[in-house]
Amino acid sequence: MSSQTDTNGVHRAKLWQIAGFAFNNTATNMYMFLMNFITYYMTGALGVGVVLATSFVTVMRIWDGVSDPFVGYVLDKTNGRFGKNRPFMLIGNVVLMLATFIMFHVCHNLPSGMRFAFFIVIYMIYVVGYTFQCVVTKSAQSCLTNDPKQRPLFTIFDGIFNTIIFTLLPMFFTGYLLKKHGDFTLQYFHEGWMGVAPIAFVLTCIAIFSIAAKDREEYFGTGKQVKVSIKDYWEVLKGNRAIQMLVVSAGTDKLALSTQGNVTVSVIVYALILGNSSLQGAVSAYTSIPTMLFLMFGAGVIATKLGQKKAMMFGTYGSLVCCILSVILFYAADPSTMSLPGVEGFHGFNFFTVAFLALWLGFKGFSNISGSIVIPMTADCADYEVARSGKYVPGLMGTLFSFVDKMISSLGSTIVGLMCAAIGFKDALPGPNTPLTPELKFVGVFCLYGLVIIGLVCNIIAMKFYPLTKEKMEEIQDEITRIKAQGLAA
């Protein structure tokens with residue numbers, strides 16, 4: 001599969017370019033996982049209260065969202081010697097590396113009166129660096145390839161890589177580090193940073209090399225630089241129904257999944273309800289390969305043959321069924337009987353273990369399809385805008401999506417913190433040695449599945465109004481080819 005442009009205006013990437021570029025998202029996701037533990041650092045090393053710590057994370061997510069449009073605007077204006085996207089990837093990753101190092105190695109050594117203020121400044125810088133690198137994952141999709149059959153391939157590689165890291169990272173952070181140190185100590189965070197930062201940097205370098213040949217003006221929008229003003233942004237937001245519906249769909253999903261992935265929720269579910277924190281890494285290990293095969297079928301067969309919208313709906317309906325059945329399972333069966341080979345206390349397979357694994361595998365497989373397909377769908381939205389108005393604004397598309405996404409999902413930590421505070425955990429979050437109560441079980445199950453169900457219903461409604469079917473995208477690529485031909489003739 002070569003990197004070329006056909007006479008009909010369709011340009012494709014080599015398979016290794018798509019795979020290598022997917023590492024950009026893997027690198028930022030590694031930092032995202034590392035920062036899941038930030039509330040424990042704040043309450044332990046910095047002495048910040050639970051409600052303030054969880055609310056702070058929400059405020060910083062809002063800052064993250066607010067900074068997104070400005071970064072997107074700068075990216076849309078950028079087209080220099082090193083391309084449009086590559087400088088943002090490198091600068092962003094270096095900022096992430098330095099900011100997180102300072103957070104976990106410097107802040108707690110400062111005088112108590114200035115620790116939190118200094119931490120806030122560094123965290124804000126971290127957020128800008130994260131946005132710099134993250135925006136490229138979406139903005140560069142449209143220049144990587146515009147072949148409707150090839151775009152979903154990014155989803156396959158991205159899903160496989162993320163399945164691997166989200167299998168290995170829980171094993172490393174909870175199965176190894178937490179067991180080694182017994183709590184979220186300073187050494188825990190040091191070793192956690194050492195396990196993330198170098199690998200993320202190498203992955204970023206691979207992604208930069210992979211996108212280099214396609215990070216050129218001839219692959220951008222109409223094939224020439226089009227001036228875009230702030231005023232144009234409002235017209236795009238008002239007239240592009242596709243990005244509006246995609247934001248609603250993915251934003252509500254992200255709120256639910258960010259809450260589900262909250263470290264406190266993982267502690268409640270695995271350490272308290274299931275009775276063994278090591279089960280989290282084991283569950284990921286047992287379901288990772290089947291999940292990747294599931295994703296390859298969903299994105300590789302459904303999305304390439306029927307279009308990305310139908311792949312999104314396939315994943316959504318499948319996830320919804322698995323979540324509803326899982327809630328029933330947690331209350332109809334005994335979760336404390338969960339046991340897996342390789343985990344201390346294994347006493348044979350039983351009904352709950354088999355049912356939980358089957359439903360979790362189904363949920364992760366379906367949700368990976370609907371979640372990962374969103375990234376190439378933003379490229380469809382960018383192409384739709386080129387055909388609709390002649391404006392190529394991938395930075396706006398990526399950051400608008402991220403802006404609403406982060407504004408909504410920023411509530412995840414606050415929801416967990418408020419729910420825990422409401423049942424008595426006002427000074428410290430539930431830990432691996434906290435006694436299990438019915439109230440804690442409800443919080444754990446609701447955050448694990450309940451919010452996801454609500455998000456999936458919103459997803460279904462939004463996709464009813466999303467206009468970019470497979471057939472529509474073929475019409476759009478024909479229109480963009482016509483626009484480019486007119487420009488060359490002129």
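**Stop one: the largest pocket**

Nine nonpolar, ten polar and two charged residues make up the lining of the largest pocket. This is a predicted model, so keep that in mind as you click through. Start by selecting Gly175, Lys179, Asn276, Ser277 and Ser278. Of the 21 lining residues, these are the closest to the centre of the largest pocket. The space they surround has a volume of about 390 Å³.

Now colour two helices: α7, residues 152–181, and α12, residues 279–306. Each supplies at least two residues of the pocket lining. Which helix gives the most to that lining? It is α7, with five residues.

**Stop two: the second largest cavity**

Leave the pocket and look at the cavities. How many reach 30 Å³ or more? The count comes to six. Go to the second largest, which holds about 110 Å³ of space. To find this cavity, select Pro148, Gly307, Gln308, Asp380 and Lys470. These lie nearest the centre of the second largest cavity, among the 13 residues that line it.

Next, show the elements around the second largest cavity. Those giving two or more residues to its lining are α12, α13 (308–332) and α19 (470–489). You have met α12 already, as a contributor to the largest pocket. Sorted by class, the lining of the second largest cavity has four nonpolar, four polar and five charged residues.

**Stop three: α1 against α5**

Helix packing comes next. Two packed helices are described by the angle between their axes and the distance between the axes. Select α1, residues 15–34, and α5, residues 112–139. Their axes come within 9 Å and cross at roughly 155°. An angle over 145 degrees counts as roughly antiparallel, so α1 and α5 are roughly antiparallel to each other. Their crossing is left-handed.

Show the side chains at this contact.

- From α1, pick Phe21, Asn24, Asn25, Ala27, Thr28, Tyr31 and Met32.
- From α5, pick Tyr126, Tyr130, Gln133, Cys134, Val136 and Thr137.

What classes do these residues fall into? Eight are nonpolar, five are polar and none is charged.

**Stop four: α1 against α7**

Keep α1 on screen and bring back α7. The two pack at an angle of about 35°, with their axes 8 Å apart. Is the crossing of α1 and α7 left-handed or right-handed? It is right-handed, whereas the crossing of α1 and α5 is left-handed. The contact of α1 with α7 has 19 nonpolar, four polar and one charged residues. Recall that α7 also gives five residues to the lining of the largest pocket.

**Stop five: α10 against α17**

Select α10, residues 241–260, and α17, residues 411–422. These helices pack at an angle of about 50°, with their axes 8 Å apart. That angle makes α10 oblique to α17. Their crossing is right-handed.

Display the residues that make the contact.

- α10 brings Leu255, Ser258 and Thr259.
- α17 brings Leu411, Gly412, Ile415 and Val416.

By class, the contact of α10 with α17 has four nonpolar residues, three polar and no charged.

**Last stop: Phe465**

Where is Phe465 found? Look in the loop between α18 (438–463) and α19. The helix α19 is one of the elements at the second largest cavity. Now show what Phe465 touches. Leaving aside its neighbours within four places in sequence, Phe465 is in contact with Arg241 and Met245. Both numbers fall in α10, which spans residues 241–260.

Finish with a distance. Pick the C-alpha atoms of Phe465 and Ser210. The two residues are 255 apart in sequence, and 35 Å separates them in space.

Methods
Residues are numbered from 1 along each chain as its sequence is written. This is a predicted model: local features need pLDDT of at least 70, side-chain atom pairs count only at pLDDT 80 or more; totals for chains, interfaces and linings use all residues. Side-chain values use heavy atoms; hydrogens and water are left out. On a 1 Å grid over the protein atoms alone, a cavity is a set of points where a 1.4 Å probe fits but cannot get out, and a pocket is an open set with protein on both sides within 12 Å along at least five of seven lines; lining residues have an atom within 4 Å of a point. Grid points are joined across faces, edges and corners, and a volume is the space filled by probe spheres set on the points. Helices (H or I, at least four residues) and strands (E, at least two) are DSSP runs, numbered from the N terminus. Ala, Val, Leu, Ile, Met, Phe, Trp, Tyr, Cys and Pro count as nonpolar, Asp, Glu, Lys and Arg as charged, and the others, Gly among them, as polar. Axes are lines fitted to C-alpha atoms, for helices over the stretch in contact, and angles run from 0 to 180 degrees between N-to-C directions. Angles under 35 degrees count as roughly parallel, over 145 as roughly antiparallel, 65 to 115 as roughly perpendicular and the rest as oblique. A crossing is left-handed if the near helix is turned anticlockwise from the far one by less than a right angle, and right-handed if clockwise. Contact means heavy atoms within 4.5 Å.
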